[in-house]
Amino acid sequence: MLTCIIRYDIDPTKRAQFEEYARTWGQCIPRNGADLIGYFSPREGSSTLAYGIYNIESLAAYEAYRARLAADPLGKQNYDFAMSEKFILKEDRTWLARVDQG
């Protein structure tokens with residue numbers, strides 16, 4: 001099992017748009033094959049860092065998931081929303097494997 005942590009640098013004046021984007025991924029991600037842990041928006045401290053976290057079985061499963069997500073009409077709409085509103089300034093993905101459970 002792999003965990004993908006997406007770190008977003010967002011425009012702090014457009015937090016509401018990011019949260020709408022996150023809620024939409026909350027529908028799309030699970031139905032396309034990943035185990036969504038959640039999306040997290042800034043509250044205290046940094047006003048620009050946000051995160052999306054999900055689990056997926058393997059990198060091969062991730063490739064299949066990404067293809068399904070790209071074909072999902074709501075996923076396409078959400079991607080277009082992010083591009084038009086420009087609330088994401090930077091996005092990085094980190095892949096981690098949990099090691100404390102053997």
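**Entry 1. Surroundings of D9**

I looked up the neighbours of D9 in this predicted model. Leaving aside residues within four places in sequence, I find D9 in contact with T48, L49, F87, I88, L89 and K90. I place D9 in strand β1, which spans residues 2–10. Is D9 buried or exposed? Its relative accessibility is 18%, and the cut-off for buried is under 20%, so I enter D9 as buried.

I then checked D9 for a charged partner. Its side chain meets that of R7 in a salt bridge, with N to O at 3.8 Å. R7 has a relative accessible area of 34% and is therefore noted as partly exposed. The bridge thus joins a buried aspartate to a partly exposed arginine.

**Entry 2. Salt bridges elsewhere**

I next searched the whole structure for salt bridges, and the search returned seven. I record two more pairs here.

One of them is D92 with K90, whose closest N and O atoms are 3.8 Å apart. I looked up the accessibility of both residues. D92 stands at 32% relative accessible area and is partly exposed; K90 stands at 43% and is likewise partly exposed. I note that K90 is also among the residues in contact with D9.

The other pair is D100 with R98, where the closest N and O atoms lie 2.7 Å apart. Both residues pass the cut-off of over 50%, so I enter both as exposed: D100 has 55% relative accessibility and R98 has 57%.

Which residues are joined into one network by salt bridges that share partners? I find R15, E19 and R43.

**Entry 3. E19 within the network**

I followed E19 further. It is found in helix α1, and its relative accessible area of 18% makes it buried. Not counting residues up to four places away in sequence, E19 touches S41 and R43. R43 is thus listed both as a contact of E19 and as a member of the salt-bridge network.

**Entry 4. Packing of α1 against α3**

From E19 I turned to its helix as a whole. Helix α1 covers residues 15–31, helix α3 covers residues 73–85, and the two pack at an angle of about 160° with their axes 9 Å apart. Because angles over 145 degrees count as roughly antiparallel, I describe α1 as roughly antiparallel to α3. I record the crossing of α1 and α3 as left-handed.

Which residues make the contact? On the α1 side I list Q17, E20, Y21, T24, W25, Q27, C28 and R31. On the α3 side I list L74, G75, N78, F81, A82 and E85. I sorted the residues of this contact by character: six are nonpolar, five are polar and three are charged.

**Entry 5. T94 in strand β4**

My last look-up concerned T94, which is found in strand β4, residues 88–97. T94 has 38% relative accessibility and therefore counts as partly exposed. Leaving aside neighbours within four places in sequence, I find T94 in contact with T3, C4 and I5. I also took one distance from T94: its C-alpha atom is separated by 13 Å from that of I56, a residue 38 positions apart from it along the chain.

Conventions
Residues numbered from 1 in each chain as written. Predicted model: local features only at pLDDT ≥ 70, side-chain atom pairs only at ≥ 80, totals over all residues. Heavy atoms only, no water. Axes fitted to C-alpha atoms, helices over the stretch in contact; angles between N-to-C directions. Helix = DSSP H or I, 4+ residues; strand = E, 2+ residues; numbered from the N terminus. Parallel < 35°, antiparallel > 145°, perpendicular 65-115°, else oblique. Left-handed = near helix turned anticlockwise from the far one by under 90°. Contact = heavy atoms within 4.5 Å. Nonpolar A, V, L, I, M, F, W, Y, C, P; charged D, E, K, R; others polar. Salt bridge = Lys/Arg side-chain N within 4 Å of Asp/Glu carboxyl O. Buried < 20%, exposed > 50% of the residue type's maximum accessible area, 1.4 Å probe, protein only.
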